[in-house]
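Here are some worked exercises to try with the structure open beside you. Have a go at each task before you read its solution.

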Amino acid sequence: MARSHKRRGWGLRGGCLVIARLFYTCSSGDEPHGVASIFRPRAEAVKPAVDHYAVCGNPVGHSLSPRIHAAFAASTGQMMRYDRLLIPDGGFVPTIEVFFNQGGKGLNVTLPCKSDAFAWLGEARCATSAIEARAVNTIRWDGEEFWGFNTDGTGLLRDLTFHGICVAD
């Protein structure tokens with residue numbers, strides 16, 4: 001599968017926080033393994049006035065992500081909503097189906113759902129970092145397909161380097 005990408009990152013430095021946005025386009029039209037066609041946009045689907053994102057996992061009530069992303073959106077002028085999405089035990093797929101069918105654009109995935117996200121997407125729709133980790137922490141809907149990424153390692157390495165800590169290859 002041929003992938004072309006351009007990467008644009010914004011970083012909020014402090015502690016170990018790095019926010020990066022990845023934009024991927026793909027030339028393959030294959031349906032991702034495990035992703036049902038019900039995720040294709042429907043004419044009756046609600047089109048949100050603002051982009052809708054969320055952090056999902058269990059627990060998520062403690063997450064600072066909505067506050068952090070609201071500050072990021074305000075500083076860049078992006079119209080977006082970012083919520084917490086509690087995933088009940090065994091309910092990863094049904095919960096994210098509702099989120100995406102209601103117009104969700106992307107999810108940050110936290111424990112214990114990272115391996116569920118990887119299994120749902122399958123290797124064909126995951127970046128190399130996610131395949132190597134066998135875990136997805138970011139799901140992006142590009143309007144046609146879902147894509148999975150794992151930015152945990154990249155974010156940690158960038159933050160360590162920023163703070164002057166040398167990391168050997």
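**Exercise 1. Find which exposed residues sit on the face of helix 1 turned away from its buried side, then work out how the buried ones are arranged.**

Solution. Keep in mind that this is a predicted model. Start with the outward face: the exposed residues there are Arg 67, Ala 74 and Ser 75. Now flip to the other side and pick out the buried residues of helix 1, namely Ser 65, Pro 66, His 69, Phe 72 and Ala 73. These buried residues cover an arc of only 125° around the axis, so they end up on the same side of helix 1. There is a handy rule behind this kind of pattern: an α-helix has 3.6 residues a turn, so residues three or four places apart point the same way.

**Exercise 2. Check the length of helix 1 against what its residue count predicts.**

Solution. Take the 12 residues and use 1.5 Å a residue, remembering that the expected span counts one less than the number of residues. That gives an expected 16 Å. Then look at the end C-alpha atoms: they are 16 Å apart, so the two values agree. Carry on just past helix 1 and you meet Gly 77, with a positive phi of about 75°.

**Exercise 3. Work out the strand order of the open sheet, and which strands stand at its edges.**

Solution. Five strands make up the sheet, in the order 4-3-5-6-7, with mixed pairing. Read off the two ends of that order: strand 4 (80–86) and strand 7 (146–149) are the edges. Each has a single partner strand, so one side of each lacks a neighbour in the sheet. From one strand to the next, the twist averages 20°. For a close-up, take strand 3 (residues 51–57) and strand 4, which run parallel to one another and share seven bridges. One of the pairs to look for is Cys 56 with its bridge partner Leu 85 in strand 4.

**Exercise 4. Say what covers the buried residues of helix 2.**

Solution. First list the buried residues: Phe 92, Thr 95, Ile 96, Phe 99 and Phe 100. Looking down the axis, you'd see them within an arc of 125°, so they line one face of helix 2. The cover over them includes strands 3, 4, 5, 6 and 7, along with helix 3. That goes with the placement of helix 2 (residues 92–101), which lies across these five strands and runs at about 150° to strand 5. Helix 3 (residues 114–121) lies across strands 5, 6 and 7, at about 140° to strand 7.

**Exercise 5. Track down the two cis peptide bonds at Pro 59 and Pro 112, and a positive phi at a residue that is not a glycine.**

Solution. Asn 58 and Pro 59 are joined by a cis bond with omega about 10°, and Pro 59 is in the loop between strand 3 and helix 1. The bond from Leu 111 to Pro 112 is also cis, with omega near 5°; look for Pro 112 in the loop between strand 5 and helix 3. The positive phi, about 55°, belongs to Arg 134, in the loop between helix 4 (128–133) and strand 6.

**Exercise 6. Decide which element has the lowest mean pLDDT and which the highest.**

Solution. For the protein as a whole, the mean pLDDT is 77. Going element by element, strand 2 (residues 19–26) is lowest at 29, while helix 3 is highest at 97. Over residues 1–43, pLDDT stays under 50.

Definitions and conventions: Residues numbered from 1 in each chain as written. Predicted model: local features only at pLDDT ≥ 70, side-chain atom pairs only at ≥ 80, totals over all residues. Heavy atoms only, no water. Pairing = 2+ DSSP bridges. Helix = DSSP H or I, 4+ residues; strand = E, 2+ residues; numbered from the N terminus. Axes fitted to C-alpha atoms, helices over the stretch in contact; angles between N-to-C directions. Contact = heavy atoms within 4.5 Å. pLDDT = per-residue confidence, 0-100. Buried < 20%, exposed > 50% of the residue type's maximum accessible area, 1.4 Å probe, protein only. Arc of directions from axis to C-beta.
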